Amino acid sequence: MLAVAAAGSGSALATAASGGAGIDYPSIWACDRSKFNWYCDLEPEPPGPATEPDEPKKAKSREEQALERIETLQKELKAKRALAIVDPTPDNLKAYIAAQEAMMNMGSVFSDVWRRVVWQNPDLNYELKRPVNNAAIATYASARKAAEKRQLSDINKEWGLFFFFRSDCPYCHRLAPTLRFLTDTYGITVLPVSVDGAGLPEYPNPQRDNGLVEKLGIRQVPMLVLGNVKDKRLMPLASGVISAQDVIERIYILTGTQPGELY
């Protein structure tokens with residue numbers, strides 16, 4: 001009987017180990033925590049990363065709130081306009097027109113407050129730099145011309161104009177009398193440089209090019225270049241035909257003002 005029982009027990013164990021019938025789990029060696037009376041010697045699970053408490057949300061600034069409001073109004077206006085176009089009923093058009101006028105009223109108030117602020121704050125008044133009314137424009141132009149003339153009399157001591165030309169260039173022939181006028185009227189020194197070696201009626205004995213054309217990268221004539229006799233600086237002034245007033249203005253801007261000063 002003991003042998004039979006032992007054999008039976010061994011058979012049961014073998015059956016259990018092989019996943020046979022008679023038990024509701026695959027193996028006696030497998031841990032099944034779903035069984036209330038099953039004990040498992042398992043490694044403890046590592047703790048997860050510590051979760052930091054949520055930081056309190058920062059309150060939105062007035063600028064951020066205003067931006068959101070503008071975006072919302074624009075989105076609503078765009079939606080009402082789309083609906084009025086797709087389904088142009090009186091109610092849809094009325095809603096769109098009302099929304100559009102509300103936006104226009106906001107713009108009108110903005111423009112009105114803008115001008116009031118400018119009137120009361122001279123440092124924000126751009127018209128003091130560049131006037132727009134006729135009386136102030138005339139005064140500005142007169143003061144500008146006086147400054148240009150003063151600048152011309154000063155630069156004549158240090159600056160001169162290189163006039164690069166060709167004898168067969170019709171535009172060079174057109175510009176030459178203008179440069180002669182500037183010399184006779186304002187005393188501006190003009191040094192004519194002939195690319196092809198021949199002269200013009202106003203400049204019958206020009207200087208021949210000594211490599212300056214290649215150095216400055218001149219590909220087209222006529223070309224005017226400002227030259228400083230003291231420090232040998234060279235500044236391209238103009239290419240093509242320009243008026244005497246344009247020459248004076250460019251000389252004044254390049255030698256007497258800083259970038260952005262006149263804007």
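**Entry 1: the loop before E4**

I started with Pro-222, which I found in the loop between helix H6 (212–216) and E4. I looked up its peptide bond too: Val-221 and Pro-222 are joined by a cis bond, with omega about 0°. A reminder to myself: this is a predicted model, and I read every entry below with that in mind.

**Entry 2: the whole chain**

Next I stepped back to see the overall plan. I counted seven helices and five strands in the chain. Reading from the N terminus, I wrote down the order of elements as α-α-α-α-β-α-β-β-α-β-β-α.

How much of the chain is buried? Buried residues make up 22% of the 263 residues. For the outside, I noted an accessible surface of about 19700 Å², with 57% of that belonging to carbon and sulfur atoms.

I also checked contacts along the chain. Taking those with a separation of 6 or more, I found that 56% are between residues 24 or more positions apart.

**Entry 3: the sheet**

Now the strands. In what order do the five strands stand in the sheet? I read the order as E3-E2-E1-E4-E5, in an open sheet with mixed pairing. At the edges I found strand E3 (207–208) and strand E5 (234–239); each has a single partner strand, so one side of each is left without a neighbour in the sheet.

I then went through the pairs, starting with E1:

- E1 and strand E2 (residues 190–194) pair in the parallel sense, over five bridges. Here I saw Leu-161 standing opposite Val-190 in E2.
- E1 and E4 pair in the antiparallel sense, over six bridges. One partnership I noted is Trp-159 with Asn-228 in E4.
- E4 and E5 run antiparallel and are joined by five bridges. I looked up Leu-226, whose bridge partner in E5 is Met-235, and Gly-227, which stands opposite Leu-234 in E5.

**Entry 4: strand E4 itself**

Is E4 enclosed or open? I checked each residue, using the cut-off that buried means under 20% relative accessible area. Six of the six residues of E4 are buried, so the strand is largely enclosed by the rest of the structure.

I wanted to see this face by face. On one side I listed Met-223, Val-225 and Gly-227, and on the other Leu-224, Leu-226 and Asn-228; all are buried, and both faces of E4 are covered.

**Entry 5: the turn after E4**

From E4 I followed the chain onward to Lys-232, which sits in the loop between E4 and E5. The hairpin of these two strands has five residues between them. The phi of Lys-232 is near 65°, and I marked it because this is a positive value in a residue other than glycine.

Is Lys-232 buried or exposed? Its relative accessibility is 63%, and the cut-off for exposed is over 50%, so Lys-232 counts as exposed.

**Entry 6: the largest pocket**

Then I went looking for open space. The largest pocket has a volume of about 190 Å³. The elements that give two or more residues to its lining are E1 and strand E4 (223–228). Which of the elements gives the largest share? That is E1, with four residues.

I found several residues from my earlier entries in this lining, among them Trp-159, Leu-161, Gly-227, Asn-228, Lys-232 and Leu-234. Sorting the lining by class, I got six nonpolar, four polar and two charged residues.

**Entry 7: the cavity**

My last search was for enclosed space. How many cavities of 30 Å³ or more are there? I found one, and its volume is about 30 Å³.

I wrote down the residues that line this cavity: Ile-155, Asn-156, Trp-159, Gly-160, Leu-161, Ile-188, Leu-226 and Ile-251. Strand E1 (residues 159–165) gives the most to the lining, with three residues. By class I have six nonpolar, two polar and no charged residues here.

**Entry 8: looking back**

Before closing the notebook I compared my two lists. Trp-159, Gly-160 and Leu-161 are in the lining of the cavity, and these three are in the lining of the largest pocket too. In the sheet, Trp-159 has Asn-228 in E4 as a bridge partner, while Leu-161 stands opposite Val-190 in E2.

Notes
Residues are numbered from 1 along each chain as its sequence is written. This is a predicted model: local features need pLDDT of at least 70, side-chain atom pairs count only at pLDDT 80 or more; totals for chains, interfaces and linings use all residues. Side-chain values use heavy atoms; hydrogens and water are left out. On a 1 Å grid over the protein atoms alone, a cavity is a set of points where a 1.4 Å probe fits but cannot get out, and a pocket is an open set with protein on both sides within 12 Å along at least five of seven lines; lining residues have an atom within 4 Å of a point. Grid points are joined across faces, edges and corners, and a volume is the space filled by probe spheres set on the points. Ala, Val, Leu, Ile, Met, Phe, Trp, Tyr, Cys and Pro count as nonpolar, Asp, Glu, Lys and Arg as charged, and the others, Gly among them, as polar. Buried means under 20% relative accessible area, exposed over 50%, partly exposed in between (1.4 Å probe, protein chains only). Contact means heavy atoms within 4.5 Å. Accessible areas come from the Shrake-Rupley method with a 1.4 Å probe; for residues, only the protein chains shown count as cover. Two strands pair if DSSP finds at least two bridges between them.
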